[in-house]
Amino acid sequence: MDLQSLSNLFATTYNPDPNVQKAGELQIRKISGQEGVVTALLQIIASDSVDLAIRQACSVFIKNRVQTSYIIDPSRPRPDQLPIAPSDRDALKSSILRLLAASPSRSITVQLASTLKNLVAHDVPDRWPGLLDEVKGLLLSGDIREVGAGCVAALEIVRAFRFRQKQDILPSIVEQLMPTLVHIASGMMNTPPSTSQEIPTMLHLILKTYKSSIIVNLSTHQQSGESLVPWGRLLFQVVNLQIPKEVVPGDEEDRERSEWWKAKKWAYGILGRLFHRFGNPSQLPTPMQEEYGPFATHFVTTFAPEIFKVYLQQVELYVSGQAWLSKKCQYQIFQFFTECVKPKTTWTLLKPHFETLVSSFVFPQLSFNSSKQQLWENDPVEYIRTSVDEYENFSSPVSAATSFLFSLSSNRTKTTFMPILGFVNTVLRSGAAPAQRFGALNMTAALGPFIMRHPEVKDNMEQFMLQHVLPEFSAPEPYLRAIACEVLGTVVKAGLLWSNEENLNNHSRAVAMALDDPELPVRVQAALALTEMIVIHESVKEAVAPQVGKVIQDLLKLSDETDLDILNNCMETMVERFQSELLPVAAQLTARLCDSYLRLARESISQEEIDPQTLDSDSLLSDADDGKIYGAMGVAKTIGTIVASVESSSEILSQIQEIIIPIIRFTLEHKILDLFDNMYDLVDSLTFKLHSISPNMWPVFELTYDLFKSDAVDFLDEMLPTLDNFVSYGTDVFKSRADYRQKAIDIYRTSIVSTQLGENDRVNGCKLAESILLNLRGQVDEHLQEFITIALGCLDQGETASFRLANLEVLVNAVLYNASAALHLMETSKPGTSRIFFDNWFVAINSDSRLPRVHDKKLSILALCALMELDSSRIPEVLRDGWPGIVGGALKIFKDLPQAIEKRKALEDSFQEESDDDDEEDAKFLNLEGEDEDVWDEDSAYLEMLAKEGARLRAKSDRLADGDDLSVSSEESEIDEELGYFSPLDVVNPYVSFKQALTTFQMQNGPIYQAATTGLNVEQQTLLMEVMRIAESQSAADEAQI
């Protein structure tokens, strides 16, 4: 196809006629794999005579083509992958840098840059050895467009390897490119800022490149003074750069996004990253000490003080109104100050300034201001969302300021806590303006958990509430009423004790009135506070009980207005606390919640159906649309709480189930994968609590099978409890429906053979096979061969102990299902196979750890009992010599069974106990003993643990790469008891079963029985008598109960 025809074809992709557009897309798909198409498209992109939209469409196509098909894994081919011809690959690599330099628009540059990154990831260094020299040629050319292209290329080259743990490629790239980049950037700083965007854009790209290069490792070159000094000088220059107002937009949001401020943001980010990950010796994890210890010691003593000094100057300029700081830069400054709290070296620098920083830099962030007022008025829902989740917003200066406050209070409590609270009290007692009172109370809400754990402060909190918080419930400013609710909820949750009931009642009445406040944010905060009071105080719960219906309706209305997940948590708490009061209206409440769920689910589907072509990259990366999904998740959890609360009434539960089934089917039919976990939790809960499967629930089984075989193959972990319940409680239907049996068995088969699934999925498949064999005795005879063949194919071949055991137990279950048929089928598949199975099985039996759980032991005992009851004529010849060992094998398991039962009971008790760890909690929140030494807290320990685990996994990966056999690894974690797993074997007494089987064994196979029992040693004979004694006593006990 000639270039003109190809251009015309790509023009159809944005034709307003959908039929023309569709026909064009089909034709493009048809020719996309032809050799020469990519080369031709590169020529079209380079042609200035072609319409810009066509060139952009071509660049998008090439990006997608390279991303999906540049490298094809032969073990996992996909139908949409068509190999790119060698001539087209050569054309890509020879053209891409030139096209970047000549790119007519940012949108085309973005597509070409993404293409370059994928080329680099696959071909550098071996198949593209000259790339770095080409890039350096662009950077040093002197042509502004070529230098810009070189900056883009350098960034993409580094990004291609930024998460690579192994230091084999990136260090060389860094050493070759970084000196050139820092030289160019330093030269740019000699040019005064202007409205021209070329310099700040390239500066932004260069700094982003450096930051991308230090995400995981800091190369030896970057640790050297040869690199650190010029880069440090550049970074300080950028941070200190005063940008004239006239060269950046006047609007603050637009200014925040300007290239100059992006460059400053990346400079702050680099300095923070260097200190946080590599330059802080007191917090440096052990696995990193050898590589970065000397650098960290040097950095913290020579570089960190300079960063602190520069940042302090920037803050002073900002708070005095002499300079402006973007929110991202403020965030980075707070982050650095927070990192300075724990190391002794930097705390010495910070200590003299912390009070000033709290009062002049932190406090304004937490006070009410014009932007908060504007958001409150224009979008109260968003105001609530940002204020409630502010601490989770990882780019907000409010979040970072609060983290700084937390770090000061928890790590340097002795020095900082009382001065911070003194500042709060000074503001509140001085008759400050409402906005400042809000700030002081906001600080109180943030520090509430710390305050209520401080021995010198917590007893004064009731008086503080009466004096400074209760009056604000009637303040004319609605934001003060909202923050009063928040403070109350926080301190009540943290353990505030009221000296008299009247004080408690005054606050609870104030919160109840706030539920009817005209302002939405106040009502939400009141709901949150009231929930905490109901949980803690029985008197408040009793007062609310007569009006709980209204409170629930208010919560439902608020939830529908805001879609806030935290309100679903409130609803869950209300349902848990007022089960008896809500039982009569449980069905109506469930129906209302199901309506809310369906609305949110439909809205999430509508958002997904928006054409991605119409969105820019920022929109695609935005998580705003996730709100609907999270809201639906919260509603589903509340529905689950209702299900749990009404389980005492099977009639109401059955009624509720019929109300819930439509939302389950809707979610599965519309393939809303993010909500599958919640839906399968509901199905599991309903079917388990009712111990039956209603006719309307069976379509869910059919949908589950269809989804597993298509879009949701990797959801078996979520599906398994539901599938087990269908088999366990729907046995009559399975017995009458061969197609259902076939579907269940196909899920097992797929879980084992699918290349898309891992060993955890195979374990789940084995559990489903066990459920089928245990629950459908005599109903799957025609499939027994398949179970055995699949399991034998994986015998002792798994990478993990859990899969090896689960797979072995499929064969053990086959023996229990029909011992004679199972052994016959093993021998039919291949003579001697039954002996191989027995050898593996008895290795597990005789091991101290290969049958670790109570269920494992009971299953093997009962399967051995089935073998003891087998007629001697049915015993395969290859097993006859070892048959007497069956009794000894069972006794070995009986010896270990009491210990396993005791261990399981201890685990059950530990889950039921109410832990009271107040002292531990206090230690976590406050450091009352510490002086000015280095602080090592839970966060430090957590990072240490992550670093050690990362080092372990990397070492294991390296050994695998070197060909070491790790299949039987000492590193494997112990297989734990599964307290939520229920089996038909739970009600079977293994002692009684063994006694009966041994009697049958003696009667049917006398000579073998004689050999089995006389071959026992003294310890085994004693154990046999003890097992028989226990069996008799338990059998007698069971008869007495009857």
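**Reading helices, rings and backbone angles**

Analyst: Tyr991 is buried, with a relative accessible area of 10%. The model discussed here is predicted.

User: Why is Tyr991 classed as buried rather than exposed?

Analyst: Buried means under 20% relative accessible area. Tyr991 has 10%, so it is buried. Phe894, with a relative accessible area of 2%, is buried too. Of the 1042 residues in the protein, 52% are buried.

User: How should the rings of Phe894 and Tyr991 be read: what are the distance between their centres and the angle between their planes?

Analyst: Planes under 30 degrees apart count as stacked, over 60 as edge-to-face and the rest as tilted. The ring centres of Phe894 and Tyr991 are 4.8 Å apart and their planes stand at 40 degrees, so this pair is tilted. Phe894 belongs to helix H47 (residues 885–912) and Tyr991 to helix H50 (residues 990–1004), so the pair ties together parts 97 residues apart in sequence.

User: How many aromatic pairs does a search of the whole structure find?

Analyst: The search finds 48 aromatic pairs. One of them joins Tyr268 and Tyr311, a tilted pair with 5.0 Å centre to centre and 50 degrees between the planes. Because Tyr268 lies in helix H14 (residues 259–278) and Tyr311 in helix H15 (residues 286–319), this pair ties together parts that are 43 residues apart in sequence. Both Tyr268 and Tyr311 are buried.

User: How many helices and strands does the protein have, and what does its radius of gyration say about compactness?

Analyst: There are 52 helices and zero strands. The radius of gyration is 34 Å, close to the 31 Å that the globule rule gives for 1042 residues, so the protein is as compact as a globular protein of that length. The C-alpha trace spans about 105 × 85 × 65 Å along its principal axes. Among contacts with a separation of 6 or more, 74% are between residues 24 or more positions apart.

User: Which residues have a positive phi although they are not glycine?

Analyst: Asp563 is one of them, with a phi of about 55 degrees, and it sits in the loop between helix H29 (548–562) and helix H30 (565–577). Lys671 also has a phi of about 55 degrees; its loop runs between helix H35 (650–669) and helix H36 (676–690). Asp563 is buried at 10% relative accessible area, whereas Lys671 is partly exposed at 40%.

User: Where is Pro125 placed, and is the peptide bond from Val124 to Pro125 cis or trans?

Analyst: Pro125 is in the loop between helix H6 (106–123) and helix H7 (131–139). The bond from Val124 to Pro125 is cis, with omega near 5 degrees.

Note on methods: Residues are numbered from 1 along each chain as its sequence is written. This is a predicted model: local features need pLDDT of at least 70, side-chain atom pairs count only at pLDDT 80 or more; totals for chains, interfaces and linings use all residues. Side-chain values use heavy atoms; hydrogens and water are left out. Helices (H or I, at least four residues) and strands (E, at least two) are DSSP runs, numbered from the N terminus. The radius of gyration is taken over C-alpha atoms; the globule rule is 2.2 Å times the number of residues to the power 0.38. Buried means under 20% relative accessible area, exposed over 50%, partly exposed in between (1.4 Å probe, protein chains only). Contact means heavy atoms within 4.5 Å. Rings of Phe, Tyr and Trp (its six-membered ring) pair if their centres lie within 6.5 Å; planes under 30 degrees apart count as stacked, over 60 as edge-to-face and the rest as tilted.
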